[in-house]
Amino acid sequence: MVAGSSVAVEHPLDALLADPWSTLRLVLGEPLHPGGLAATGELLDRAGVGDGTRLLDVGCGAGEAVAIASERGARAVGVDVAPGADATGVVRGDAGHLPVRDGSVDVVLAECAICLSDDLDASLREARRVLVSTGTSGAGGDGTNGRLALSDVVVEGTPPALPEPIARTLCLTGPRSRSRLVERVEDAGFAVGDVREHREDLLAMRDRAASRVDYAGLLGSFGDRGRRLLEGVRELERAVEDGRVGYVSMVATVDG
Ligand SMILES: C[S@@+](CC[C@H](N)C(=O)[O-])C[C@H]1O[C@@H](n2cnc3c(N)ncnc32)[C@H](O)[C@@H]1O
């Protein structure tokens, strides 16, 4: 080493925050949404996904839902800005610019993903664009209007204070109340059907994360920044418990 030179040592927290998805995968495992594969199956049921349904999974991650839909006989493809390395049936793409023709899809699935887009309203309009409408583009593969099957985090009031990359990854930024999310889906051209709360799934996910990672031990070893982050994590746990942070799913049908 040259005398007087210095080597910049990255703070371990910066390494974790630089790639929040890998950090989250480490903490939660797959799939990355409350309720796991059972919730995916239930949402596919509600959206009427079966034999011949043309399905696009937006923000599909490792592609588990694509696999489940394919097992049902759907023609399923996933899109993700950063697809899992071994994901099959998945192409790289952004929710705001889907690589799909107008009116060519029966169901857009977006589990814990679409609220991550830089412009949620544009991404919802994009979902509407690719969905079939019996009014304008003829019947879909299953003869019905296109459906958006969406699940995402909702926040009532002020979200817990967490570093920006983590808050963004956990969908805790921006206007995120349940009623606002429904309004935004409607404004994009959908009629929203039943909206379901998944409080138990969210609590189970919190418990799973806590059983996999010793937050207090890990973050406590990172000095003041680690302690502040731990306070944010504890605040998030309280927000989940008292319902300020929730998780909802809905099936919305193309309106018109
Ligand atoms: C919480 S994970 C959910 C993954 C999967 N849907 C699941 O439930 O397991 C969010 C996914 O959305 C992807 N994502 C984030 N922003 C995106 C965007 N603008 N367009 C497409 N995918 C995006 C991420 O790469 C990540 O794989």
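Here is a short conversation about how some labels for this predicted model are reached.

The model is predicted, so local features need pLDDT of at least 70 and side-chain atom pairs count only at pLDDT 80 or more, while totals for chains, interfaces and linings use all residues. Residues are numbered from 1 along each chain as its sequence is written, and side-chain values use heavy atoms, leaving out hydrogens and water.

Me: What makes the radius of gyration of the protein chain agree with that of a compact globule?
Reply: The radius is taken over C-alpha atoms, and the globule rule is 2.2 Å times the number of residues to the power 0.38. For 256 residues a compact globule would be near 18 Å, and the chain has 20 Å, which agrees.

Me: Why is C60 called buried or exposed?
Reply: Buried means under 20% relative accessible area, exposed over 50%, and partly exposed in between, with a 1.4 Å probe and protein chains only. C60 has 7% relative accessibility, so it counts as buried.

Me: And what about C112?
Reply: C112 has a relative accessible area of 18%, so this residue is buried too. Of the 256 residues in the chain, 49% count as buried.

Me: How many disulfides are there, by the rule?
Reply: A disulfide is a pair of cysteine sulfur atoms within 2.5 Å, and the count by this rule is zero. For C60, the nearest cysteine sulfur belongs to C112, 13 Å away. For C112, the nearest is that of C171, at 5.6 Å. Neither C60 nor C112 is in a disulfide.
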